[in-house]
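Got the model loaded in your viewer? Switch on side chains and come along for a short walk, one selection at a time.

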Amino acid sequence: MHGMDGFFGMGWMMILWWVLIVFGFVALAKWMFASKATISNNDTLLEIIKPRYAKGEITRDEYENLKKDLE
């Protein structure tokens with residue numbers, strides 16, 4: 001009976017280990033693909049900064065500087 005406890009204990013540890021490995025690979029894949037996100041041809045950088053300025057995420061000075069840099 002005591003030998004069975006060790007077997008089941010190791011079984012759960014092995015399952016936990018594989019769950020952590022799979023979770024790690026999924027997290028790594030999500031990070032890699034998210035960092036590869038690109039801007040489509042229809043979007044320009046100016047079209048991206050306009051809504052940010054409208055939402056107040058960037059100041060007028062930042063908007064003007066970015067706009068000048070893009071021209």
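Start by selecting Arg 52, which is partly exposed at a relative accessible area of 35% (buried means under 20%, exposed over 50%, partly exposed in between, with a 1.4 Å probe and protein chains only). Now add Glu 57: the two form a salt bridge, with their closest N and O atoms 3.1 Å apart. The term asks for a side-chain nitrogen of Lys or Arg within 4 Å of a carboxyl oxygen of Asp or Glu, and by that rule the count comes to one. Glu 57 is also partly exposed, with a relative accessible area of 47%.

A word on ground rules before the next click. This is a predicted model, where local features need pLDDT of at least 70 and side-chain atom pairs count only at pLDDT 80 or more, while totals for chains, interfaces and linings use all residues. Residues are numbered from 1 along each chain as its sequence is written, and side-chain values use heavy atoms, with hydrogens and water left out.

Zoom out and colour by confidence. pLDDT is the predictor's confidence in each residue, from 0 to 100; the chain has a mean of 79, and 73% of its residues reach 70 or more. Confidence is highest in helix α2 (residues 45–55), at 87, and lowest in α1, at a mean of 79. Switch to cartoon and you get three helices and zero strands, in the order α-α-α. Helices here are DSSP runs of H or I with at least four residues, strands are runs of E with at least two, and numbering goes from the N terminus.

Next, select Tyr 53 and Tyr 63. How far apart are the ring centres of Tyr 53 and Tyr 63, and at what angle are their planes? The centres are 4.7 Å apart and the planes sit at 15 degrees, so this pair is stacked. Tyr 53 belongs to helix α2 and Tyr 63 to helix α3 (residues 60–70), so to speak a link between distant parts of the chain, 10 residues apart. The structure holds one aromatic pair; rings of Phe, Tyr and Trp (its six-membered ring) qualify if their centres lie within 6.5 Å, with planes under 30 degrees apart called stacked, over 60 edge-to-face and the rest tilted. Tyr 63 is buried at 9% relative accessibility, whereas Tyr 53 is partly exposed at 31%.

Stay in helix α2 and pick Ile 49. Ile 49 is buried, at 8% relative accessibility. Leaving out residues up to four places away in sequence, Ile 49 touches Ile 58, Tyr 63, Leu 66, Lys 67 and Leu 70 (contact means heavy atoms within 4.5 Å). Measure C-alpha to C-alpha from Ile 49 to Lys 67 and you should read 8.2 Å, across 18 residues of sequence.

Hop to Leu 66 in helix α3, partly exposed at 33% relative accessibility. Beyond its neighbours within four places in sequence, Leu 66 is in contact with Ile 49 and Ile 58. Leu 46 is 20 residues from Leu 66 in sequence, with 8.3 Å between their C-alphas.

Last stop: Trp 31, in helix α1 (residues 2–35). Trp 31 is exposed, with a relative accessible area of 59%. Add Phe 25, Leu 28 and Met 32 to Trp 31 and you have a nonpolar surface patch of about 480 Å².

Terms used
Patch = residues over 30% accessible without salt bridge, like charges linked within 9 Å, V, L, I, M, F, W, Y side chains within 5 Å. Areas by Shrake-Rupley, 256 points an atom, 1.4 Å probe, with all protein chains shown as cover.
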